[in-house]
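Here is a short set of exercises to work through with the coordinates open beside you. Try each task on your own before you read its solution.

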Amino acid sequence: MATTREAGSAALLRLCRADEIGEAQSRGFDPDDEGQDSLFVVRWQGQLHGWRNACPHIDGAPMAWRRDAYLNAEGTRIVCHAHGAEFVPDTGLCVQGPCRGERLSRLELVVIDGELFVTS
Ligand code: FES
């Protein structure tokens, strides 16, 4: 069950400690207890980026080939396992594959006292 917090008019859902996601690592989250990860976070060049776990090629298609595996082996691109689309980790732009030119849907992240939250 996600921990919620208020920040202005936005509700914040706690995901984890921010330092649990290292450089070129990714992690999926199921903050609404839907039974599958609805979003994922990657750390790229020191910054955390949050994305909906939904490929723009086929809307709603989950992207990881196994739990938390959203990046290629080099940690340089987000990869959709279904048909191999590759996305730039900090912009979400697809640069290779069937949805080239389309983007992932960004989610706003907030770090408060070392804890990582997504806005809802
Ligand atoms: S569903 Fe992601 S590349 Fe086809």
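Please keep in mind throughout that this is a predicted model.

**Exercise 1. Take stock of the fold**

Task: Find how many helices and strands the protein chain has, and work out how its radius of gyration compares with the globule rule.

Solution.
- Step 1: Count the elements. The protein chain has eleven strands and zero helices, and its pattern along the sequence is β-β-β-β-β-β-β-β-β-β-β.
- Step 2: Check the overall dimensions. The radius of gyration is 14 Å, close to the 14 Å that the globule rule gives for 120 residues, so the chain is as compact as a globular protein of that length.
- Step 3: Look at the extents. Along the principal axes, the C-alpha atoms fill a box of roughly 40 × 25 × 25 Å.
- Step 4: Look at the contacts. Of those between residues at least 6 apart in sequence, 44% join residues at least 24 apart.

**Exercise 2. Relate the annotation to the model**

Task: Which residues does UniProt list for "domain: Rieske", and what is the strand content over that range?

Solution.
- Step 1: Read the record. An unreviewed UniProt entry lists residues 13-118 for "domain: Rieske".
- Step 2: Compute the content of that range. Residues 13-118 are 36% strand and 0% helix.
- Step 3: Compare the ends. The end C-alpha atoms of this range are 5 Å apart.

**Exercise 3. Lay out the two open sheets**

Task: Give the strand order of the open sheet of four strands and of the open sheet of three strands, then identify the edge strands of each.

Solution.
- Step 1: Take the four-stranded sheet. Its order is β3-β4-β5-β9, with antiparallel pairing.
- Step 2: Find its edges. β3 (26-29) and β9 (106-107) each have a single partner strand, so one side of each is left without a neighbour in the sheet.
- Step 3: Inspect one pair inside it. β4 (residues 39-44) and β5 (residues 47-52) run antiparallel and are joined by six bridges; here R43 stands opposite L48 in β5.
- Step 4: Turn to the three-stranded sheet. Its order is β6-β7-β8, again with antiparallel pairing.
- Step 5: Find its edges. β6 (78-79) and β8 (94-96) each pair on one side only.
- Step 6: Inspect a pair here too. β7 (residues 86-87) pairs with β8 over two bridges in the antiparallel sense, and E86 has Q96 as its bridge partner in β8.

**Exercise 4. Follow the partners of β11**

Task: How many bridges join β11 to β2, and how many join β11 to β10?

Solution.
- Step 1: Start with β2 (residues 10-17). Five bridges join β2 to β11 (residues 115-119), and the two run antiparallel. L12 stands opposite T119 in this pair.
- Step 2: Go on to β10 (residues 109-112). β10 pairs with β11 over four bridges, in the antiparallel sense, with L116 in β11 as the bridge partner of V111.
- Step 3: Look at the connection. β10 and β11 form a hairpin with two residues between them, and D113 in the turn has a positive phi of about 50 degrees.

**Exercise 5. Find the core**

Task: Which residues of the largest nonpolar core touch the most other members, and which element gives the most to this core?

Solution.
- Step 1: Recall the general tendency. In soluble globular proteins, nonpolar side chains tend to be buried together.
- Step 2: Put a number on burial. In this chain, 28% of the 120 residues count as buried.
- Step 3: Pick out the hubs. The largest nonpolar core holds 24 residues, of which L15, F40, V42, Y70 and I78 touch the most other members.
- Step 4: Assign elements. β2, β4, β6 and β11 give two or more residues each, and β4 gives the most, with five.
- Step 5: Zoom in on one hub. Leaving out residues up to four places away in sequence, L15 touches F29, P31, V41, L116, F117 and V118.

**Exercise 6. Classify three loop residues**

Task: Are D19, A24 and Q45 buried, partly exposed or exposed?

Solution.
- Step 1: Set the cut-off. A residue is exposed if 12 or fewer other C-beta atoms lie within 10 Å of its own, and buried if there are 20 or more.
- Step 2: Take D19, in the loop between β2 and β3. D19 has 11 other C-beta atoms within 10 Å, so D19 is exposed. The C-alpha atoms of D19 and R43 are separated by 9.7 Å, with their positions 24 residues apart along the chain.- Step 3: Take A24, also in the loop between β2 and β3. A24 has 15 C-beta neighbours inside 10 Å, so A24 counts as partly exposed. Phi of A24 is positive, near 60 degrees, although A24 is a residue other than glycine.
- Step 4: Take Q45, in the loop between β4 and β5. Q45 has 9 C-beta neighbours inside 10 Å, so Q45 counts as exposed. Q45 is not a glycine, yet has a positive phi of about 50 degrees.

Note on methods. Residues numbered from 1 in each chain as written. Predicted model: local features only at pLDDT ≥ 70, side-chain atom pairs only at ≥ 80, totals over all residues. UniProt positions renumbered as here; feature names shortened; annotations may be inferred. Pairing = 2+ DSSP bridges. Rg over C-alpha atoms; globule rule 2.2 N^0.38 Å. Contact = placed C-beta atoms within 7 Å. Core = buried A, V, L, I, M, F, W, Y, C linked by C-beta atoms within 7 Å.
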